[in-house]
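Me: I'd like to talk through this model with you, one question at a time. Could you reason briefly and finish each reply on the value or name I ask for?

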Amino acid sequence: MDYTTLFTPNHQQKPNFMALAAAVLSQAEDLFALLDSLPTAWSLDTAVGAQLDTLGALSGLPRPESAASDADYRLYLRARIAAFHWDGTQASLPETLSRAFPDREATMTDNLNGSVTASLSGDAPPFGLKELFPVPAGIRLIENR
């Protein structure tokens, strides 16, 4: 929208005033465009490189040495963040796993002996599933690859 059209006719006839108003308003438009782009630029789904590293650092999850690619690091971040939000119950586990691995099939089965078996479809990540799956304290995780 051209906000300079909202000025009264008395002001619109002043070229210096209109030039100053146009310059100031163009800066505001640039700022609004920047603000509109921030959610996309800093989304876990679209961030890359340094942006993704910053998101991880803000979450307290720096990039592990084994997660060299952005895709692996994104998988790691999504899984760890979902684990932080899990309430530890068997009933909420399917929702947590679908949030953690939206593009893959993930299962975790309670073996009823103090261990759980975890599996993840697709290519194996460069780090162990123990870093990805939420496991309560004292429970052993068995990786099924």
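Me: How much accessible area do the residues of the nonpolar surface patch have together?
Reply: Happy to help, and please keep in mind that this is a predicted model. The patch on the surface is formed by Leu31, Phe32, Leu34, Leu35, Leu38 and Trp42. Taken together, their accessible area is about 580 Å².

Me: Is Leu35 buried, partly exposed or exposed?
Reply: Leu35 sits in helix 2, which covers residues 15-41. Its relative accessible area is 45%. Since buried means under 20% and exposed means over 50%, Leu35 is partly exposed.

Me: Which helix gives the most to the lining of the largest pocket?
Reply: That pocket holds about 150 Å³ of space. Its lining consists of Ala71, Arg74, Leu75, Arg78, Ala100, Phe101, Pro102, Asp103 and Arg104, and divides into five nonpolar, no polar and four charged residues. With four residues, the top contributor is helix 4 (residues 70-85).

Me: Arg78 is one of those lining residues; which residue forms a salt bridge with Arg78?
Reply: Side chains of opposite charge can pair when their charged atoms come close. For Arg78, the closest N and O atoms of the pair are 2.3 Å apart. This pair links distant parts of the chain, 33 residues apart, with Arg78 in helix 4 and its partner in the loop between helix 2 and helix 3 (50-58). The partner is Asp45.

Me: Which of these two partners counts as buried, given 53% for Asp45 and 17% for Arg78?
Reply: The cut-offs are under 20% for buried and over 50% for exposed. At 53%, Asp45 is therefore exposed. At 17%, the buried partner is Arg78.

Me: Which residues are joined into one network by salt bridges that share partners?
Reply: Asp53 and Arg63 meet in a salt bridge at 2.7 Å, N to O. Arg63 also meets Asp70 in a salt bridge, at 2.9 Å. Through these shared partners, the network joins Asp53, Arg63 and Asp70.

Me: What distance separates the C-alpha atoms of Leu132 and Tyr76?
Reply: Leu132 lies in the loop between strand 2 (115-120) and strand 3 (140-144), and at 0% relative accessibility it counts as buried. Leu132 and Tyr76 are 56 residues apart along the chain. Even so, their C-alpha atoms are separated by 6.2 Å.

Me: What is the phi value of Leu112 near?
Reply: Leu112 lies in the loop between strand 1 (106-110) and strand 2, and is exposed at 75% relative accessible area. Leu112 is a residue other than glycine with a positive phi, near 60°.

Key. Residues are numbered from 1 along each chain as its sequence is written. This is a predicted model: local features need pLDDT of at least 70, side-chain atom pairs count only at pLDDT 80 or more; totals for chains, interfaces and linings use all residues. Side-chain values use heavy atoms; hydrogens and water are left out. On a 1 Å grid over the protein atoms alone, a cavity is a set of points where a 1.4 Å probe fits but cannot get out, and a pocket is an open set with protein on both sides within 12 Å along at least five of seven lines; lining residues have an atom within 4 Å of a point. Grid points are joined across faces, edges and corners, and a volume is the space filled by probe spheres set on the points. Helices (H or I, at least four residues) and strands (E, at least two) are DSSP runs, numbered from the N terminus. Ala, Val, Leu, Ile, Met, Phe, Trp, Tyr, Cys and Pro count as nonpolar, Asp, Glu, Lys and Arg as charged, and the others, Gly among them, as polar. Patches are made of residues with over 30% relative accessible area and no salt bridge: like charges are joined within 9 Å, nonpolar side chains (Val, Leu, Ile, Met, Phe, Trp, Tyr) within 5 Å. Accessible areas come from the Shrake-Rupley method with a 1.4 Å probe; for residues, only the protein chains shown count as cover. A salt bridge is a side-chain nitrogen of Lys or Arg within 4 Å of a carboxyl oxygen of Asp or Glu. Buried means under 20% relative accessible area, exposed over 50%, partly exposed in between (1.4 Å probe, protein chains only).
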